[in-house]
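This report describes the surroundings of a bound ligand and the pocket that holds it, and then turns to the backbone of one loop.

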Amino acid sequence: MTQLTNLGVLVSGRGSNLQAVIDACESGRIPAKVSIVISNNPQAYGLERAKKHKIPTAIIDPNQVKDKNTYELEIVKNLKQHAVQLVCLAGYMRIVGPVLLEHFTGKMINIHPALLPSFPGLHGQKQALDHAVKVSGATVHFVDEGCDTGPIILQAAVPVMDNDTEESLSARILEQEHKLYPQAIKLIAEGKIRVEGRKVRVI
Ligand code: GRF
């Protein structure tokens, strides 16, 4: 039997990408298992999704700890307790600091709702509309110290329509996100990803 890769998923809200990952794991489409879901936000619906699947959860509230390093050390502790091998940020609304990065260098990925390096940071879909691009999409990338700047693993393009609103474009992109994130995790779990500087090769 293939060894399953233990995933730790960090969420701050809705958790639809988390759901896509859980479903891909449970159906056996990807050789991985969500071992823990961690949130900075006690209200995150992603926590409910995890509970429905009997996945352990942890709430780590940054306002309840002394500083960012202490906050991230607490996250690291939970991830290690669950033997997490790959950290997946899924709508995690905080900038990753040096503590988390140091413990999971090259083992942390994120999904972003735009074709990076265009439109990093918040509201990628609105930025795309404001810029009036004709194509946008989704990007899965490794996390580095920058904001959405790490090596790009996979991207999916979606057309931007003249009459798009932020909602309609977000929905079209999200549909792709739900396919792309499991696909990227599958490649990593199967050992098919090599990173050479900025270049991510699928072998
Ligand atoms: C997604 O659009 C993702 O790309 C971005 O935040 C959103 C999270 O949505 N990083 P959800 O919580 O996974 O539904």
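## Pocket and ligand site

In this predicted model, the largest pocket has a volume of about 870 Å³. Its lining comprises 36 residues, of which Gly91, Tyr92, Met93, Ile111 and Pro113 are the closest to the centre of the pocket. Sorted by class, the lining of this largest pocket consists of 14 nonpolar, 16 polar and 6 charged residues.

Several elements of secondary structure take part in that lining, and at least two residues each are supplied by H1, E5, helix H5 (124–131), strand E6 (135–142) and helix H6 (166–189). Among the contributors to the lining of the largest pocket, H6 gives the most, with 4 residues.

The space taken by the ligand is this largest pocket. Two elements, helix H1 (16–26) and strand E5 (108–112), give two or more residues to the shell around the ligand. The residues around the ligand are Arg14, Gly15, Ser16, Asn17, Gly91, Ile111, His112, Pro113 and Glu177, and by class this shell has 2 nonpolar, 5 polar and 2 charged residues.

Polar contacts to oxygen atoms of the ligand come from glycine 15, serine 16 and asparagine 17, as set out in the table.

| Residue | Protein atom | Distance to a ligand oxygen atom |
|---|---|---|
| Glycine 15 | backbone N or O | 2.8 Å |
| Serine 16 | polar side-chain atom | 2.5 Å |
| Asparagine 17 | backbone N or O | 2.8 Å |

The ligand taken alone exposes 370 Å², and the protein buries 86% of that area. Glycine 15 and asparagine 17 thus each approach a ligand oxygen atom through a backbone N or O atom, whereas serine 16 does so through a polar atom of its side chain.

## The loop between E5 and H5

What kind of peptide bond joins leucine 116 and proline 117? The bond between these two residues is cis, with omega at about 10 degrees, and proline 117 has its place in the loop between E5 and H5. Phenylalanine 119 also lies in the loop between E5 and H5, and phi of phenylalanine 119 is near 55 degrees, a positive value in a residue other than glycine. The elements on either side of this loop, E5 and H5, are both among those that supply at least two residues of the lining of the largest pocket.

Technical notes
Residues are numbered from 1 along each chain as its sequence is written. This is a predicted model: local features need pLDDT of at least 70, side-chain atom pairs count only at pLDDT 80 or more; totals for chains, interfaces and linings use all residues. Side-chain values use heavy atoms; hydrogens and water are left out. A residue is near a molecule or strand if one of its heavy atoms lies within 4 Å of it. A polar contact is a pair of N or O atoms within 3.5 Å; within protein, one must be able to donate a hydrogen and the other to accept it, and residues adjacent in sequence count only if both atoms are side-chain atoms. Accessible areas come from the Shrake-Rupley method with a 1.4 Å probe; for residues, only the protein chains shown count as cover. On a 1 Å grid over the protein atoms alone, a cavity is a set of points where a 1.4 Å probe fits but cannot get out, and a pocket is an open set with protein on both sides within 12 Å along at least five of seven lines; lining residues have an atom within 4 Å of a point. A molecule sits in a cavity or pocket if more than half of its atoms lie within 2 Å of its grid points. Ala, Val, Leu, Ile, Met, Phe, Trp, Tyr, Cys and Pro count as nonpolar, Asp, Glu, Lys and Arg as charged, and the others, Gly among them, as polar. Grid points are joined across faces, edges and corners, and a volume is the space filled by probe spheres set on the points.
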